[in-house]
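Grab the model and work through these exercises at your own pace. Try each task before you read its solution.

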Amino acid sequence: MLPGEVTINSSLDREFTDTVTLTLTVEDMNAATASQTATTTLSVSILDVNDNGPVFSRNYYVNITEGKIIGPVITVAAYDPDNNPAITYRITKNYLTNTFSIDPKTGQITRNILIDVDRETQTIITIEVEANDTVFTSTTQGIVTATGHFDRENEATYILKVTVCDNALEPFDRKTSTASITVHITDVNDNVPYFPQTYYNVTVREDRNLKYPIMYVTAADRDINQSFRYSIEPDTDTERLFEINEHSGLISVNASLHNNYGEKHLIVWVEDIGGLKNSTRVTITVEDINGNAPVFLGLTAFYKIYEANGNLTNQCLCGSALESFLATKNAPNNTRCPQVNEIAETENFIFRYDPISHVMVAITNHKCYVYTASETESVDVHTSHGFHQLEMKLIDMVDSTSETYITMSHDELASLSKSTARLCNRVGWTTHKLN
């Protein structure tokens, strides 16, 4: 029996076809009769050699939320047409050291919970992963998992480079493929809005009209896509002199500033869409303007003089400011004021009327006597006769021995008339309420 040899005429590729079926025919060339042949079938199985590297079909992108500890976030797949692509993984390059780790058998990448990652500090992290195939399979998966805390403000994007490598017996014969995984950290509202300044100062004239823009007070936030709402702490602006645009932070005049000059201390709040708040201090100095002509408001000195017996020409008015004048004009030569003719009582009064609060004050002997004018008196007081009548009324009230007047505090007086309170605010002085 003669052997028949089957030879290979061209290269074989198991990944293209792994079995070849041949039909073999043998013919007896020395047959005496007609053609004598025999036929059989030969199946040839093509054995695998590691001539293909594992391949990633695409690059990967994923979004995860900052500040969350979550499970697997992406699965990457490498394909190796060879018969032995069971793959084990390892990280070959981690540009943010020790932030991620990988399970060599499952390919699960996890986040190191001891390391804080903030989007605003680190924007891109690149990781290279190597995979070796060791058992018979055609496809394997690497699972990327986050188990720690992400902060978008420190780190917004992670790029993982994943390299898959088969496990050829000879290291130089191993084939590799690389893909990238881009992880975007989505934002959550975990940062409080803030003002660039902790204190603001501005000056505005008292004659500014309503809605006059004074200044902008605007906030910032490390979180993205933020909108703010601004407000003024009500207790710091009880007179509602100012308002703030809740969207733009523009502070403007809300009520007349006339006679409201001085420093106004406001607290301005900002709140973001997630309800996080912060505040700053704003001092608005209302500037007094020289818009009024000077007027006399009753700063008048009165001397209360009691008449003496006898004719004026024979009197000597002792103890008053008029003494020297009357003595010179009316007293006889060498006439001396007799002791019996001295004035029984002399009082000095200073009066001041506040046309805004309609408060009249009489000041004598370090005491302030406060009287609130009636509606009629507040009209008549602007005439000389009416003013004089009101002065005399206060003198009589002060001199009345049958009345006892209560003492007023400085704050109580200031609530009636700020200018009167400043006038009577002297060390050792007392203030009394006449009505």
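**Exercise 1.** Work out what share of the contacts in the protein chain with a separation of 6 or more comes from residues 24 or more positions apart.

*Solution.* Start with the cut-off: a contact means heavy atoms within 4.5 Å. Now take the pairs with a separation of 6 or more; residues 24 or more positions apart make up 70% of those contacts.

A quick word on the ground rules. Residues are numbered from 1 along each chain as its sequence is written, and side-chain values use heavy atoms, with hydrogens and water left out. This is a predicted model, so local features need pLDDT of at least 70 and side-chain atom pairs count only at pLDDT 80 or more, while totals for chains, interfaces and linings use all residues.

**Exercise 2.** Find any disulfide in the whole structure and give its handedness.

*Solution.* Look for cysteine sulfur atoms within 2.5 Å, the cut-off for a disulfide. The search turns up one: C368 with C424, sulfurs 2.3 Å apart. Next, check the S-S torsion; it's about -110°, so this disulfide is left-handed.

**Exercise 3.** Place C368 and C424 in the secondary structure, and decide whether each is buried or exposed.

*Solution.* Helices (H or I, at least four residues) and strands (E, at least two) are DSSP runs, numbered from the N terminus. The chain has five helices and 26 strands. C368 sits in strand 25 (residues 367-372) and C424 in helix 5 (residues 418-424), so the pair ties together parts 56 residues apart in sequence. For burial, the bar is under 20% relative accessible area (exposed is over 50%, partly exposed in between; 1.4 Å probe, protein chains only). C368 comes out buried at 0%, and C424 is buried too, at 6%.
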